[in-house]
Amino acid sequence: MTDNITSVGGGSKPDAGVSALKGRTGAGAPAETRGRTTIADGVVAKIAGMAAREVPGIHHLGAGVARAFGAMRERVPGAGGSGVATRGVKVEVGERQTAVDLDAVVEYGVSIVDIAGDVRTNVISAVERMTGLEVVEVNIAVADVHLPDEEEEAAPDEGRVR
């Protein structure tokens, strides 16, 4: 295996060792350097939304207006059902980093500070593991508290893990 690595740049510097494969193209180049991968904002938003919904104590994502419009949009044929996964989630995706904004409704009685920490941990872990992007921030706006005796205005989130 040492045949693929050579020392370049004179031997006087302690960090002068450079892989001979670095900068190579074609058949000799490592697979991870052959091409470019782009990840759409919607992909990151879906991952973040699903990860946030997995946290116990999160009732819904999305403020009341967003939930109402989302419920109406889901009933329109051909509008696509992916709105549930991304409702209440906004992302900015760069080449190597991403930022996530979440609008959440929490269950009454839970510690909002603890829930926010759990959501951040789960979202960061899922997005970084699945996309390789560095999550620089997860901003959470708690838009409402769901009371036990409140009736649902819209259908509950589909695919929610309890």
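## How α1 meets α4

The axes of helices α1 and α4 come within 8 Å of each other and cross at roughly 140°. That angle falls short of the cut-off for roughly antiparallel, which is over 145 degrees, so the two helices count as oblique to each other. The crossing of α1 and α4 is right-handed. Keep in mind that this is a predicted model.

Which residues of α1 and α4 make the contact? On the α1 side they are Val 44, Ile 47, Ala 48, Ala 51 and Ala 52. On the α4 side they are Val 119, Asn 122, Val 123, Ala 126, Val 127, Met 130 and Thr 131. Sorted by class, that gives 10 nonpolar residues, 2 polar ones and no charged ones.

## The chain as a whole

Stepping back, the chain has 162 residues, and 30% of them count as buried. Its secondary structure comes to 4 helices and 6 strands. Read from the N terminus, the order of elements is β-β-α-β-α-α-β-β-α-β.

If you like contact statistics, here is one for the chain: among contacts with a separation of 6 or more, 70% are between residues 24 or more positions apart.

## The largest nonpolar core

The largest nonpolar core holds 23 residues. Which of them touch the most other members? They are Ile 58, Val 89, Val 100, Leu 102, Val 119 and Val 123. The elements giving two or more residues to this core are α1 (41-53), β3 (58-61), β4 (89-93), β5 (97-107), α4 (112-131) and β6 (134-146). The largest share, 6 residues, comes from α1.

Two of those well-connected members, Val 119 and Val 123, also turn up in the α4 side of the helix contact described above. Val 89 is worth a click too: leaving out residues up to four places away in sequence, Val 89 touches Ala 45, Ala 48, Gly 49, Leu 61, Val 100, Asp 101 and Leu 102. Among these, Ala 48 is also one of the α1 residues in the contact with α4, while Val 100 and Leu 102 are on the list of core members with the most contacts to other members.

## Val 135 in strand β6

Val 135 sits in strand β6. Is Val 135 buried or exposed? Its relative accessibility is 8%, so Val 135 counts as buried, the cut-off being under 20%.

Not counting residues up to four places away in sequence, Val 135 touches Thr 98, Ile 124, Val 127 and Glu 128. One of these, Val 127, also belongs to the α1 and α4 contact. From C-alpha to C-alpha, Val 135 and Arg 96 are 8.9 Å apart, with their positions 39 residues apart in sequence.

## Two loop residues

Ala 63 is in the loop between β3 and α2 (64-75). With a relative accessible area of 26%, Ala 63 is partly exposed. Apart from neighbours within four places in sequence, Ala 63 is in contact with Asp 103 and Ala 143. Gly 88 is 25 residues away from Ala 63 along the chain, yet their C-alpha atoms are separated by 6.8 Å.

Gly 109 is in the loop between β5 and α4. How does Gly 109 come out, buried or exposed? Gly 109 is exposed, because its relative accessible area is 67%, and exposed means over 50%. The C-alpha atoms of Gly 109 and His 146 are 9.3 Å apart, with 37 residues separating the pair along the chain.

Conventions:
Residues numbered from 1 in each chain as written. Predicted model: local features only at pLDDT ≥ 70, side-chain atom pairs only at ≥ 80, totals over all residues. Heavy atoms only, no water. Core = buried A, V, L, I, M, F, W, Y, C linked by side-chain atoms within 4.5 Å. Buried < 20%, exposed > 50% of the residue type's maximum accessible area, 1.4 Å probe, protein only. Contact = heavy atoms within 4.5 Å. Axes fitted to C-alpha atoms, helices over the stretch in contact; angles between N-to-C directions. Parallel < 35°, antiparallel > 145°, perpendicular 65-115°, else oblique. Left-handed = near helix turned anticlockwise from the far one by under 90°. Nonpolar A, V, L, I, M, F, W, Y, C, P; charged D, E, K, R; others polar.
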